[in-house]
Amino acid sequence: NTGIYVVSVNLFLFGSGSAQRVNIGMRFAVNGTLRNNNTAAHAYIRGQDGHAESSVNMTTIEDLAAGDTISVHTRRYADSGTVQLTNGSISLHQIA
């Protein structure tokens with residue numbers, strides 16, 4: 001249905017042994033177009049002393065039309081190494 005929606009995403013991440021000081025960010029896109037320059041980038045993974053997991057989450061309000069497609073785009077913002085998405089969730093709640 002067309003309307004105003006609260007959109008929330010939570011991603012759980014795991015860094016491999018080579019991933020040290022990695023930070024993963026994410027942004028929303030609607031119909032393939034990135035929205036509002038809002039970026040969540042608080043998924044720091046130290047990669048030492050057992051700290052290999054993190055999560056990143058974001059909530060936004062979007063004006064959506066019936067048939068719109070929402071996608072989540074991720075990016076590594078710091079250092080290098082492999083980070084895997086191990087779990088995640090997305091929820092949409094129409095508020096108007």
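**Chatting about Val56 and Asn23**

Q: Which residues does Val56 touch, not counting those up to four places away in sequence?
A: Val56 touches Val9, Asn10, Leu11, Leu13, Ile24, Met26, Ala40, His42 and Ala43. Touching, or contact, means heavy atoms within 4.5 Å.

Q: Where do these numbers come from?
A: This is a predicted model, where local features need pLDDT of at least 70 and side-chain atom pairs pLDDT 80 or more, while totals for chains, interfaces and linings use all residues. Residues are numbered from 1 along each chain as its sequence is written, and side-chain values use heavy atoms, leaving out hydrogens and water.

Q: OK, how many residues are in the largest nonpolar core?
A: That core has 17 residues (buried Ala, Val, Leu, Ile, Met, Phe, Trp, Tyr and Cys joined through side-chain atoms within 4.5 Å). Val56 is among those with the most contacts inside it, along with Leu11, Leu13 and Met26.

Q: And which strands supply at least two residues of this core each?
A: Strands S1 (3-15), S2, S4 (40-45) and S5 (53-64) do. Strands are DSSP runs (E, at least two residues), numbered from the N terminus.

Q: New topic: where does Asn23 lie?
A: Asn23 sits in strand S2, residues 20-30.

Q: Why does Asn23 count as buried?
A: Because its relative accessibility is 15%, and buried means under 20% relative accessible area with a 1.4 Å probe, protein chains only.

Q: Which residues is Asn23 in contact with, leaving aside neighbours within four places in sequence?
A: Asn23 contacts Ala41, His42, Ala43, Tyr44, Arg75, Arg76, Tyr77 and Ala78. For Ala41, the backbone oxygen lies 3.0 Å from a polar atom of the Asn23 side chain.

Definitions and conventions. Helices (H or I, at least four residues) and strands (E, at least two) are DSSP runs, numbered from the N terminus. Buried means under 20% relative accessible area, exposed over 50%, partly exposed in between (1.4 Å probe, protein chains only). A polar contact is a pair of N or O atoms within 3.5 Å; within protein, one must be able to donate a hydrogen and the other to accept it, and residues adjacent in sequence count only if both atoms are side-chain atoms.
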